[in-house]
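This note sets out several points for a reader who is new to protein structures. Please keep the sequence and the three-dimensional view at hand while reading.

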Amino acid sequence: MLGDISSRYETPMPRYFFHFSVEKRTFIDTIGVELDGMADARKNAIAQIREMRGAQSEHALKNWAAWKMIVGDAKGKTLFEVGFDLSTKSMDYNQLPSHI
């Protein structure tokens, strides 16, 4: 019975949204993923980027400089960005751009 009581007070895992953009186009993640924290969100973003880059043929796209992943929280605030070249920019909780 104690397990039932304590489970009512557990803090839910935060949900992170992994949008990506290239130049003026942004593709919105409307579902998101529940993860344990920011470290897991960064790992997930990097894994998604590597998967997307790996899915491209060797000759399809070589310049990823214009591509980035924007990681936001459930309130729509940007937490950080990761370039498809795997550079990271912390956003200090700025709002996502209005076009998202």
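**Notes on the predicted model**

1. Strand E4, which spans residues 67–72, pairs with strand E5 in the antiparallel sense, and the pairing runs over five bridges. One bridge can be located by residue: Met-69 has Val-82 as its partner in E5. The two strands form a hairpin with five residues between them. In that turn, Gly-76 has a positive phi of about 85 degrees. The model discussed here is a predicted one.

2. Strand E5 covers residues 78–83 and is mostly covered, as six of its six residues are buried. One residue within those limits, Phe-80, has a charged neighbour: Arg-42 lies over the face of its ring, at 4.2 Å from the ring centre.

3. The overall plan may now be considered. The protein contains two helices and six strands. Read from the N terminus, these elements follow the order α-β-β-β-α-β-β-β. The protein has 100 residues, of which 31% are buried. It exposes about 7100 Å², and carbon and sulfur atoms supply 52% of that area. Among contacts between residues at least 6 apart in sequence, 40% join residues at least 24 apart.

4. Which residues touch the most other members of the largest nonpolar core? They are Phe-18, Met-69 and Val-71, in a core of 16 residues. Strand E1, helix H2 (38–55), E4 and E5 each supply at least two residues of this core. The most is given by E1, with four residues.

5. Phe-18 deserves separate attention. Leaving out residues up to four places away in sequence, Phe-18 touches Met-69, Ile-70 and Val-71, among others. Its list of contacts also includes Ala-41, Asn-44, Ala-45 and Gln-48, as well as Asp-29, Val-33 and Leu-35.

6. The adjacent residue Phe-17 is found in strand E1. Is Phe-17 buried or exposed? Its relative accessibility is 13%, so Phe-17 counts as buried, given that buried means under 20%. Beyond its neighbours within four places in sequence, Phe-17 is in contact with residues including Asp-29, Thr-30, Ile-31 and Gly-32. Further contacts of Phe-17 include Ile-70, Val-71, Gly-72, Asp-73 and Ala-74. The C-alpha atoms of Phe-17 and Ala-41 are separated by 8.9 Å, although these residues are 24 apart along the chain.

7. The aromatic rings form a further topic. A search of the whole structure finds four aromatic pairs. In one of them, Phe-20 and Trp-67 are stacked, with 6.0 Å centre to centre and 15 degrees between the planes. Phe-20 lies in strand E1 (residues 15–22) and Trp-67 in strand E4, so this pair ties together parts that are 47 residues apart in sequence.

8. Trp-67 also pairs with Phe-84; this pair is tilted, at 5.5 Å centre to centre and 50 degrees between the planes. Because Trp-67 lies in E4 and Phe-84 in the loop between E5 and strand E6 (88–90), the pair ties together parts that are 17 residues apart in sequence. Both Trp-67 and Phe-84 are buried. Together with Phe-20 and Phe-27, these two residues form one aromatic cluster.

Note on methods: Residues are numbered from 1 along each chain as its sequence is written. This is a predicted model: local features need pLDDT of at least 70, side-chain atom pairs count only at pLDDT 80 or more; totals for chains, interfaces and linings use all residues. Side-chain values use heavy atoms; hydrogens and water are left out. Buried means under 20% relative accessible area, exposed over 50%, partly exposed in between (1.4 Å probe, protein chains only). Two strands pair if DSSP finds at least two bridges between them. Rings of Phe, Tyr and Trp (its six-membered ring) pair if their centres lie within 6.5 Å; planes under 30 degrees apart count as stacked, over 60 as edge-to-face and the rest as tilted. A charge sits over a ring if NZ of Lys or CZ of Arg is within 6 Å of the ring centre and within 35 degrees of the ring normal. Contact means heavy atoms within 4.5 Å. Accessible areas come from the Shrake-Rupley method with a 1.4 Å probe; for residues, only the protein chains shown count as cover. A nonpolar core is a set of buried Ala, Val, Leu, Ile, Met, Phe, Trp, Tyr and Cys residues joined through side-chain atoms within 4.5 Å.
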